[in-house]
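Thank you all for making the time this morning. I would like to walk through one structure with you, beginning with the chain as a whole and then turning to a handful of individual positions.

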Amino acid sequence: MVVKRIFKVALTLATSLLFSGCTKVEWYKGNTHSHTVLCGHADTSPEEVAKWYHNKEYNFLVLSEHNQFIDPRNVEMPENRRDDFILIPGEEVTGGLMAHTTALNIDGLVDPRLQQPPGASKTQVIQAHVHGTEQQNGHAILNHPNFHYMHTASDIRPVEGLHLFELYNGHPAVNNFGDDDHKSVEELWDELLTDGMLIYGVSSDDAHHFQEMSLERSNPGRGWVMVRSEELTPDSITDAIYRGDFYATSGVILGKVDVSNQRISLRVDERATERELASPFVVGHKVNDDAETGYLIEFIGPGGKVLESSRSSQASYSVTNSHSYVRAKISFTRRSQLGSENFYAWMQPVFTDGRKHDR
Ligand SMILES: [Zn+2]
Ligand SMILES: [Zn+2]
């Protein structure tokens with residue numbers, strides 16, 4: 001276990017060096033959260049779920065079943081399997097108090113008895129999930145914090161070793177964007193970041209239903225991550241996600257993503273975005289009907305304050321020490337028969353205050 005962890009740290013350091021040099025890195029598309037018939041409330045076998053993502057050109061998938069470990073070695077892959085498609089072992093550790101946590105790249109089952117230690121607070125339940133995930137050599141992603149509006153920043157902030165959470169989740173019941181009485185998950189993110197937490201935002205499907213496609217169903221293809229990695233292996237992809245070398249998306253695809261010398265530079269890949277938004281599976285976020293259409297890039301700092309914005313598909317921003325973090329959000333607004341709807345890409349924050357992972 002220790003050897004594997006040392007190897008992971010060494011790999012991360014080596015990868016950081018390689019990013020600045022000559023090794024070719026690629027972008028990989030993946031979904032960290034999906035369900036199968038094994039949980040009892042989803043409708044498709046692990047093999048058919050894997051096939052759906054394989055056939056839609058994804059590069060990786062986590063079959064993250066509730067309190068069950070689906071060993072990828074036991075999942076039969078499609079006959080025509082591409083070389084650039086893998087399964088990453090995982091589980092959705094599903095506890096009381098609505099705490100659900102994806103255990104990413106684990107060696108085996110994270111004990112379901114971690115669901116809810118007797119009398120535990122929300123913080124303690126999430127902490128137990130993180131520790132259980134660490135014991136299986138994985139990394140934890142806190143899922144859908146606005147499911148029943150269960151988790152506030154004060155529940156999440158004290159959790160040690162938690163550096164990933166679901167900023168966007170494609171399930172129709174998870175309240176990504178809040179309501180009149182509740183904050184959006186993105187506002188929650190800024191609250192945590194402003195308070196000094198090192199936490200990156202993931203986008204996932206949480207797909208349960210593959211047989212019938214409708215807005216009311218929990219369908220695949222709505223949220224995913226684009227990960228920059230030198231290799232398509234479970235360890236390499238997981239390490240890249242853990243160190244924040246990815247962006248979250250509900251449809252917008254980036255062509256250039258560069259952070260160097262404290263300068264964030266990005267450009268939307270408009271053609272790739274058009275392709276994604278032509279998919280019948282993406283779901284827009286409904287906004288005011290008079291919203292201006294097209295791209296909007298915002299650079300956002302502490303308190304969720306927009307520091308600079310541009311009605312453009314490319315922009316750059318120099319991060320100074322006057323802000324402890326800056327992150328970029330890219331929105332695309334289109335008009336459809338449903339009204340005006342937004343799609344997003346969320347880059348990970350750049351920190352200036354030296355905050356570090358707990359381990
Ligand atoms: Zn869940
Ligand atoms: Zn789930």
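Before anything else, one cut-off that I will lean on throughout: a residue is called buried when its relative accessible area is under 20%, exposed when that area is over 50%, and partly exposed in between. Please also keep in mind that what you see is a predicted model.

With that cut-off in hand, let me start with His35, which sits in the loop between β1, residues 26-31, and α2, residues 46-55. Its relative accessibility is 0%, and His35 therefore counts as buried. Which side chains make polar contacts with the side chain of His35? One is the side chain of Glu65, at 2.9 Å, and another is the side chain of Glu92, also listed at 2.9 Å. If we set aside residues up to four places away in sequence, His35 touches Ala42, Val49, Ser64, Glu65, His66, Glu92, Asp206, Ala207, His208 and Phe210, so you may want to have those positions highlighted on your screens as I go on.

Let me step back to the chain as a whole. The protein chain contains 7 helices and 19 strands, and its C-alpha atoms fill a box of roughly 45 × 45 × 45 Å along the principal axes. For 359 residues, a compact globule would be expected to have a radius of gyration near 21 Å, and the 19 Å computed for this chain agrees with that. Buried residues make up 57% of the 359 residues. Among the contacts with a separation of 6 or more, 69% are between residues 24 or more positions apart in the chain.

As for the surface, the chain exposes about 15400 Å², and carbon and sulfur atoms supply 49% of that area. The chain carries 33 positive and 49 negative charges, and the mean positions of these two sets are 4 Å apart.

Now to a position elsewhere in the chain, Phe165, which belongs to strand β7, residues 164-169. Phe165 has a relative accessibility of 0% and so counts as buried. How far apart are Phe165 and His35, in sequence and in space? They are separated by 130 residues along the chain and by 18 Å from C-alpha to C-alpha. Again leaving out residues up to four places away in sequence, Phe165 touches Ile141, Leu142, Pro145, Val185, Leu188, Trp189, Ile199, Tyr200, Gly201 and Val202.

Next comes helix α6, residues 234-242, in which 7 of the 9 residues are buried, so this helix is largely enclosed by the rest of the structure. The buried residues are Ser236, Ile237, Thr238, Asp239, Ala240, Ile241 and Tyr242. Ala240, within α6, is buried with a relative accessible area of 0%, and, apart from its neighbours within four places in sequence, Ala240 is in contact with Val227, Arg228, Ser229, Asp245 and Phe246. The C-alpha atoms of Ala240 and Trp52, which are 188 residues apart along the chain, are separated by 24 Å. Following α6 there is Gly244, whose phi is positive, near 85°.

That brings me to backbone angles. Most residues other than glycine have a negative phi. Where, then, do we find a positive phi in a residue other than glycine? One case is Asn67, with phi near 50°, and another is Asn175, with phi near 55°. Asn67 lies in the loop between β2, residues 60-61, and β3, residues 86-87, whereas Asn175 is in the loop between β7 and α5, residues 185-194. Is each of them buried or partly exposed? Asn67 is buried, with a relative accessible area of 16%, while Asn175, at 29% relative accessibility, counts as partly exposed.

I will finish with Thr94, in strand β4, residues 90-94. At 13% relative accessibility, Thr94 counts as buried, and its side chain makes a polar contact of 2.8 Å with the side chain of His66. You will recall that His66 is also among the residues that His35 touches, which brings us back to where we began.

Technical notes:
Residues are numbered from 1 along each chain as its sequence is written. Chains are lettered from A and ligands numbered from 1 in the order in which they are written. This is a predicted model: local features need pLDDT of at least 70, side-chain atom pairs count only at pLDDT 80 or more; totals for chains, interfaces and linings use all residues. Side-chain values use heavy atoms; hydrogens and water are left out. Helices (H or I, at least four residues) and strands (E, at least two) are DSSP runs, numbered from the N terminus. The radius of gyration is taken over C-alpha atoms; the globule rule is 2.2 Å times the number of residues to the power 0.38. Buried means under 20% relative accessible area, exposed over 50%, partly exposed in between (1.4 Å probe, protein chains only). Contact means heavy atoms within 4.5 Å. Accessible areas come from the Shrake-Rupley method with a 1.4 Å probe; for residues, only the protein chains shown count as cover. Lys and Arg count as positive and Asp and Glu as negative; His and the chain ends are not counted. The place of a charge is taken as NZ of Lys, CZ of Arg, CG of Asp or CD of Glu. A polar contact is a pair of N or O atoms within 3.5 Å; within protein, one must be able to donate a hydrogen and the other to accept it, and residues adjacent in sequence count only if both atoms are side-chain atoms.
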